[in-house]
Amino acid sequence: MKIKTPIARFSWIVLLASILVAPLQAQTRRPGAQQKTPAKPVTREVVPTFETLLAADSFKVYGEIRGVGQLIRSQAINDLLEPLMKLSSPPKEFRTLVTWLHTHADQLVTSRLLFASWPSRPKLPQFIAAIEFSSPEEAQKFEPRLRQFLPQIIPSPSPSPSPSAAPPGNQPATESAKPSAPPAPPYVIKQAGTLVLISTSTFTFKNLRPTNSKLLVEDPEFRQVRDRFASEQTFLYFDIKGIIKEDEEEQLKRQKQYEEEQKKREAEVAKQQKEAEATEEPEVVSPDDGSPAIDPPPGTLAGGEYQVTTPEGTRTVVAEGPSPMDLAFSALMGSFFSGSSKWPVAIGLGIALDNDSLNAKVLLVNPPEAKGGILPFAPQLISGPHITPSAASILPANTEMFATLSLDYGLIHDGILKAHADMVQAMEKVRLESLAKNPQDAAAFENQPASPFAAYERLLGLKIKEDLLPLLGNEIAISLPLTEMFRETTRPASGSGSTGDDATTVEKKAKPAPIVAIAVKDREGIKTLIPKVIESSGLKGAGLIAQTEKRDDTELISYANAFGYALVGDFLVVSTDVNAIRYVVDSYLNHQTLGSDTRFRNSTRWQPRQVLG
């Protein structure tokens, strides 16, 4: 329809404008109309990322696997799983999981897997895992597949049958009980952003990371360990500080509970005694009833003597105490392992799979005040400065197990003396308390050494800190026996007429003792000191049976093949097996050492040049 006249066109324009303005006019507030309350803004939970998922104090164990799909299809994993799948008959769930992972390896090629356990706060699941994808769309595609697969390896618990109850008298018999709801699965799956999360119970992101809490990636110990193992495929972190704190809180709780129970028991005993005293009549006891004194039983220690009764009569036996060397050794070992344990605040573990090896690396993060602690149960074992290990350059190439450490002998010596002084002080307190009750126990506290080194220094005629320790370097290495040297050998039996089982005899060689290599600073000083130490230790005339073998720059001294030592390079090699020392010397001179072995170099190429061990 065409509009020809101007009046008609104007009428159509007015009508169209009225239609457009009407909705706006309807939205205009009229005078006197009630104003509606504006709706509150909806607070939505912030979608976390892989790096912002956990707070620093949420869990005590954290793990991360990088490149999950690549790891699944790696040759190292296949070589590990192939014999396991074929020979050990693993459970059906395990085989199903391996097959499913191989099928979905393409979707997990660049994915990271985070898992955490051992919660530190309430309202947290016992275990949670998160898989990170490249985009939220990829996570949305993977979540239904995972939800469909998990029941195959983690089935829901079977519903417990409810007992059937007889219907009441006023209830119709035809009424049936309502069917019970199916049990919920023992896990929770949630997709948020690029993450697909699995946990053992329901959770909220606010509980995983409370408001204004420090992120796990911001924790200094965690960052130190994670940065150190940035290139490893698998990374584990243990919050030892949190574990110790929880253990101490649990101990305090148990101690408080025990004290409360002890007070209740004491109050109950006191009440019973009071009731018994009220009902019993007091017994009158004469000051001296004429009964003979009771002698101590036979065999009682009195002043270091025992009274022994035999058919021939009673005789006195003098008790012989331990020797001074036994007391010194006991005091030395007690001081070495005494003192408060110095646990690290965190432990990190990195695992990397190569084509021909599995490399596991451990990092201990010590607190600032725990200088040089190596083993928590041996607080006096103190590490020295960083060194470039060189013990591998003198030990044989076919060494089975090798360990080297940098030790600070001066600090170890002073620490043992301090621990011994603390132990003597504690024993003095016990002595005073014991003597107050039993004066005859005085002999048990006699002959206590003033120093754990005093007996050895008196016997050897030297001062350990002044005469011995300055001659030694910081590195000490231990090598386990070489079975290839001491394998059973077969040789013809004596006599040419022997047949059958007598044709050969098996010659068995004794297994050698471990080899200890100690770095030396003053080789000539060690050569002069060791014979003096051997002579002073009670082996008079040992120099007459000593045999010396000099080859190039090495020198081996043996004593009737009972024990020996050698100076090889810058190390003192000690062992109770002379053949083992001789093999070390031969390998060193033939340049067949552990440091030149390709497998040893490949296994240590990841570590820095200077280490503590």
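**Entry 1: the largest cavity**

I began with the residues that line the largest cavity and listed Phe50, Glu51, Leu53, Leu54, Tyr62, Leu114, Leu216 and Val217. I note here that I am working with a predicted model. I then sorted this lining by residue class and obtained 7 nonpolar residues, no polar residues and 1 charged residue. For the space inside the largest cavity I recorded about 50 Å³. My count of cavities of 30 Å³ or more came to 2.

**Entry 2: the second largest cavity**

I turned next to the second largest cavity, which holds about 40 Å³ of space. I found Glu549, Arg551, Thr554, Leu556, Arg582, Val585 and Asp586 in its lining. Strand S19 (546–551), strand S20 (554–559) and helix H15 (578–589) are the elements that each supply two or more of these residues. I noted that H15 contributes the most to this lining, with 3 residues. By class, I entered 2 nonpolar, 1 polar and 4 charged residues for the second largest cavity.

**Entry 3: nonpolar cores**

I looked up the largest nonpolar core, which has 27 residues. Which of its residues touch the most other members? I found these to be Leu53, Leu54, Tyr62, Leu197 and Leu208. The elements that give two or more residues to this core are strands S1 (59–66), S2 (112–119), S3 (127–132), S5 (195–199) and S6 (234–238), together with helices H6 (205–208) and H7 (220–228). I recorded another core, apart from this one, with 25 residues, including Tyr409, Phe453, Tyr565 and Leu572.

I then followed Leu53 individually. Setting aside its neighbours within four places in sequence, I listed its contacts as Pro48, Leu114, Ala130, Leu197, Phe205, Leu208 and Arg209. Of these partners, I had already entered Leu197 and Leu208 among the core residues that touch the most other members, and Leu114 in the lining of the largest cavity. Leu53 itself also belongs to that lining.

**Entry 4: threonine 404**

I closed with Thr404, which I located in strand S14 (residues 402–406). Is Thr404 buried or exposed? I entered this residue as buried, because its relative accessibility is 10% and the cut-off for buried is under 20%. I found a polar contact of 2.9 Å between the side chains of Thr404 and Glu475. Leaving out neighbours within four places in sequence, I recorded Thr404 in contact with Pro389, Glu475, Ile476, Ala477 and Gly613. Glu475 thus appears in my notes both as a contact of Thr404 and as its partner in the polar contact.

Technical notes. Residues are numbered from 1 along each chain as its sequence is written. This is a predicted model: local features need pLDDT of at least 70, side-chain atom pairs count only at pLDDT 80 or more; totals for chains, interfaces and linings use all residues. Side-chain values use heavy atoms; hydrogens and water are left out. On a 1 Å grid over the protein atoms alone, a cavity is a set of points where a 1.4 Å probe fits but cannot get out, and a pocket is an open set with protein on both sides within 12 Å along at least five of seven lines; lining residues have an atom within 4 Å of a point. Grid points are joined across faces, edges and corners, and a volume is the space filled by probe spheres set on the points. Ala, Val, Leu, Ile, Met, Phe, Trp, Tyr, Cys and Pro count as nonpolar, Asp, Glu, Lys and Arg as charged, and the others, Gly among them, as polar. Helices (H or I, at least four residues) and strands (E, at least two) are DSSP runs, numbered from the N terminus. A nonpolar core is a set of buried Ala, Val, Leu, Ile, Met, Phe, Trp, Tyr and Cys residues joined through side-chain atoms within 4.5 Å. Buried means under 20% relative accessible area, exposed over 50%, partly exposed in between (1.4 Å probe, protein chains only). Contact means heavy atoms within 4.5 Å. A polar contact is a pair of N or O atoms within 3.5 Å; within protein, one must be able to donate a hydrogen and the other to accept it, and residues adjacent in sequence count only if both atoms are side-chain atoms.
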